[in-house]
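The following exercises concern the secondary structure elements of one protein model and how they pack. Please study the sequence and the structure before reading each solution.

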Amino acid sequence: MLDINFIRDHKEIVENAITNKGEKDVSIVSKVIETDEKWRTLVHKVDTLRSESNTKAKEIGKLMGQGKKDEAQAIISETSRMKEEIKDLDEDLKAIAEERNELLLRIPNIPHESVPVGSNENDNEVFKEWGEFPEGDWRKAHWEIFERYGWVDFERGVKVTGAGFPFYVGPVAQLQRALINFFINEASEAGYTELQAPYFVNEDSARGTGQIPDKEDMMYVIPRDEFFAIPTAEVPVTNFHRDEIIPDEEIPKKYVCYTPCWRREAGSYGKDVRGLNRLHQFDKVELVKIVRPEDSYDELEDLREHAESLLEKLELPYRTLLMCTGDMGFTQTKKYDLEVWSPGQDRWLEVSSCSNFESFQARRMQLRFRKDGKDIETAHTLNGSGLALPRVVAAIIEHYQEENGKIRVPKVLKPFFNRECL
């Protein structure tokens with residue numbers, strides 16, 4: 001959520017941000033400013049009435065002491081009327097404040113000045129490339145290898161739940177567990193505190209990180225209990241400090257958390273959904289930071305470098321994209337996507353997004369810190385995948401396959417997976 005004062009003082013900047021992010025309703029900026037003006041006018045009226053009522057109430061005792069009961073009674077009647085009017089106006093204030101808040105929740109975050117302006121994925125910039133593509137026209141896509149060895153069972157997943165909910169069997173289940181341990185250990189060594197988080201969140205938590213109102217259609221809902229299945233650990237972990245003021249000496253906060261994730265992922269077809277490319281349930285290790293505003297962009301680069309280092313240690317070729325305004329998302333100010341090369345599919349697969357939200361999420365959830373032991377400021381939040389498992393598993397299967405059909409285990413995973421081949 002943007003600060004209403006910023007919106008009022010920088011109306012054109014906010015309107016440009018809405019346009020550049022591909023949102024259509026620019027008029028919402030004028031609407032929220034008009035609603036805020038109504039709220040301010042009403043606040044002034046209520047404050048004036050309260051002041052007048054308090055002043056008159058003080059006169060009652062004096063008049064009664066002077067024996068002027070009729071005059072005192074007239075003022076009592078008038079203050080009673082004023083109190084009723086104030087009560088009605090307070091109800092109006094509450095309704096206008098709620099209307100203003102609903103409008104504010106629909107305004108996207110402002111892209112950072114370093115973000116390229118563009119409308120779709122074709123306008124993203126390649127920030128970095130690393131590694132060499134493996135040779136061998138004999139290389140197969142990961143789903144063909146899974147079918148040969150029975151390591152991932154999609155059909156039984158459909159039987160038990162539905163499409164996009166596979167079973168991992170034997171060596172690939174062990175590979176996933178090894179990757180999770182590797183990712184968490186690397187984060188712990190980099191100063192992140194490990195959390196185990198709830199897999200379901202309430203509406204306040206989903207609203208706090210910007211999943212609603214924006215991504216409702218992507219989330220699984222448990223209506224009876226009014227819960228959402230988490231689309232990423234970002235949601236519970238960032239909300240860990242909701243409605244709190246963090247002492248200055250405890251910031252920055254850095255958390256790592258493994259969870260399964262659930263997303264509807266509607267509207268994807270063909271090669272995009274084959275194998276592990278796009279699932280409704282998948283595993284991910286998430287990195288979350290809560291930092292001082294002046295440090296957040298340095299922290300973003302550190303977050304990106306950490307995610308990149310995981311792919312380098314796994315010896316998987318990748319590229320880092322700086323996302324354009326139209327392909328960045330509603331809540332981010334700046335975002336990097338990391339894509340690993342899939343030799344079996346001859347295409348790039350996204351395995352991580354590293355994002356800065358500045359104060360957008362923190363303002364929604366009243367996540368603040370005490371600066372220099374005195375002033376209270378809104379914190380900045382960041383998160384990144386460190387990493388998402390399915391496509392990393394797919395890339396390892398495709399990169400580490402040998403012509404004889406064996407799949408080698410990456411060196412860095414051997415402490416967690418004591419074998420040479422799957």
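Two strands pair if DSSP finds at least two bridges between them. Helices (H or I, at least four residues) and strands (E, at least two) are DSSP runs, numbered from the N terminus. This is a predicted model, in which local features need pLDDT of at least 70 and side-chain atom pairs count only at pLDDT 80 or more, while totals for chains, interfaces and linings use all residues. Residues are numbered from 1 along each chain as its sequence is written, and side-chain values use heavy atoms, with hydrogens and water left out.

**Exercise 1.** Determine in which sense strand E9 pairs with E4 and with E10.

*Solution.*
Step 1. Strand E4 (residues 193-195) pairs with E9 in the parallel sense, over three bridges. Here Thr193 stands opposite Tyr255.
Step 2. E9 and strand E10 (residues 281-291) run antiparallel and are joined by 10 bridges. Thr259 has Lys284 in E10 as its bridge partner.
Step 3. Of the 10 residues of E9 (residues 253-262), nine are buried (under 20% relative accessible area, 1.4 Å probe, protein chains only). E9 is therefore largely enclosed by the rest of the structure.

**Exercise 2.** State the strand order of the open sheet of eight strands and identify its edge strands.

*Solution.*
Step 1. The order is E1-E11-E12-E13-E16-E10-E9-E4, and the pairing is mixed.
Step 2. Strand E1 (125-130) and E4 are the edge strands, since each pairs on one side only.
Step 3. From one strand to the next, the twist averages 25° (axes are lines fitted to C-alpha atoms, for helices over the stretch in contact, and angles run from 0 to 180 degrees between N-to-C directions).

**Exercise 3.** Which residues of helix H5 are buried, and how does H5 pack against H12?

*Solution.*
Step 1. In H5 (residues 142-149), the buried residues are His142, Trp143, Ile145 and Phe146. They cover an arc of only 160° around the axis (taken from the directions from the helix axis to the C-beta atoms), which puts them on the same side of H5.
Step 2. Among the elements that cover these residues are helix H7 (171-189) and helix H12 (389-399).
Step 3. The axes of H5 and H12 are 9 Å apart, and the packing angle is about 80°. H5 is therefore roughly perpendicular to H12 (angles of 65 to 115 degrees; under 35 is roughly parallel, over 145 roughly antiparallel and the rest oblique).
Step 4. His142, Ile145 and Phe146 in H5 meet Val393, Ala394, Ile397 and Glu398 in H12 (contact means heavy atoms within 4.5 Å).

How values were computed
Buried < 20%, exposed > 50% of the residue type's maximum accessible area, 1.4 Å probe, protein only.
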